[in-house]
Amino acid sequence: NMHGWMNKFLAGYTNWEGTVWWNDGDWPYIYFNWGSGAPFEGWGGDEFSLRLWRDVYFPGGSYDFRTDADDGVRVYVDGSVVVDRWWDGSGAGGVGRYISEGYHEVK
């Protein structure tokens, strides 16, 4: 699922809501790369924000949650922040977490 805003603050009414698909074979969780573009036609390559989430089955164990983003990104698992890089600027970051067996919401 995804919500989209034509501002960088997740603010106001959503400009897009729906379900999106990605290649689960190569990227089993959440992955998009728009380059210098935007997720939707008519949107600029900057000044937009998205909230994506899905339930993911984990066999249980230690997992690395990694991000590589141009500007802010946060990753939540079951409502708890596991990556907090909510600032202007690009780069990668990550953190390891133990996840119990079963389905967990990744946002």
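These numbered points describe the predicted model of one protein chain.

1. Basis of the note. The model is predicted, and local features are reported where pLDDT is at least 70, side-chain atom pairs where it is 80 or more, while totals for chains, interfaces and linings use all residues. Residues are numbered from 1 along each chain as its sequence is written, and side-chain values use heavy atoms, with hydrogens and water left out.

2. Confidence. The mean pLDDT (the predictor's confidence in each residue, from 0 to 100) is 83 for the protein chain, and 86% of the residues reach at least 70. Among the elements, strand E8 (residues 90-99) has the lowest mean, 73, and strand E9 (residues 102-106) the highest, 93.

3. Secondary structure. The protein chain has nine strands and zero helices. Helices (H or I, at least four residues) and strands (E, at least two) are DSSP runs, numbered from the N terminus. The order of elements from the N terminus is β-β-β-β-β-β-β-β-β.

4. Burial, surface and contacts. Of the 107 residues, 29% are buried. Buried stands for under 20% relative accessible area, exposed for over 50%, and partly exposed for what lies in between (1.4 Å probe, protein chains only). The accessible surface of the protein chain is about 7,100 Å², and carbon and sulfur atoms hold 47% of that surface; accessible areas come from the Shrake-Rupley method with a 1.4 Å probe, and for residues only the protein chains shown count as cover. Among contacts (heavy atoms within 4.5 Å) with a separation of 6 or more, 57% join residues 24 or more positions apart.

5. The largest nonpolar core. A nonpolar core is a set of buried Ala, Val, Leu, Ile, Met, Phe, Trp, Tyr and Cys residues joined through side-chain atoms within 4.5 Å. The largest one has ten residues: Val56, Phe58, Tyr63, Phe65, Val75, Val77, Val82, Val83, Ile99 and Val106. At least two of these residues come from each of strand E4 (54-58), strand E5 (61-70), strand E6 (73-77) and strand E7 (80-85). Apart from this core lies another, of eight residues, including Met2, Phe40, Trp43 and Leu52.

6. Aromatic residues. The structure holds seven aromatic pairs. Rings of Phe, Tyr and Trp (its six-membered ring) pair if their centres lie within 6.5 Å; planes under 30 degrees apart count as stacked, over 60 as edge-to-face and the rest as tilted. One of the pairs is Phe58 with Phe65, which is tilted, with 6.4 Å from centre to centre and 50° between the planes. Both Phe58 and Phe65 are buried. Elsewhere, Trp16, Trp34, Phe40, Trp43 and Phe48 form one aromatic cluster.

7. A charge over a ring. Lys107 lies over the face of Tyr76, at 5.1 Å from the ring centre. The criterion is NZ of Lys or CZ of Arg within 6 Å of the ring centre and within 35 degrees of the ring normal.

8. Tyr63 and Val95. Not counting residues up to four places away in sequence, Tyr63 touches Phe58, Val95, Gly96, Arg97 and Ile99. Val95 is in strand E8, and counts as partly exposed because its relative accessible area is 24%. With the same neighbours in sequence set aside, Val95 touches Tyr63, Asp64, Phe65, Val82 and Val83. The C-alpha atoms of Val95 and Asp64 are 5.7 Å apart, although 31 residues separate the two along the chain.

9. Ser100. This residue lies in the loop between E8 and E9. Ser100 is partly exposed, at 35% relative accessible area. Leaving aside neighbours within four places in sequence, Ser100 is in contact with Phe58 and Gly60. From Ser100 to Gly61 the C-alpha distance is 6.4 Å, across 39 residues of sequence.

10. Asp84. Strand E7 contains Asp84, which is partly exposed with a relative accessibility of 44%. Beyond neighbours within four places in sequence, Asp84 is in contact with Val73 and Arg74. Asp84 and Val73 are eleven residues apart in sequence, and their C-alpha atoms are 6.6 Å apart.

11. Positive phi. Most residues other than glycine have a negative phi. Leu10 has a positive phi, near 55°; Leu10 sits in the loop between strand E1 (2-5) and strand E2 (16-18) and is partly exposed at 25% relative accessibility. Glu47 also has a positive phi, near 65°. Glu47 is in the loop between E2 and strand E3 (49-52), and at 47% relative accessibility Glu47 is partly exposed.
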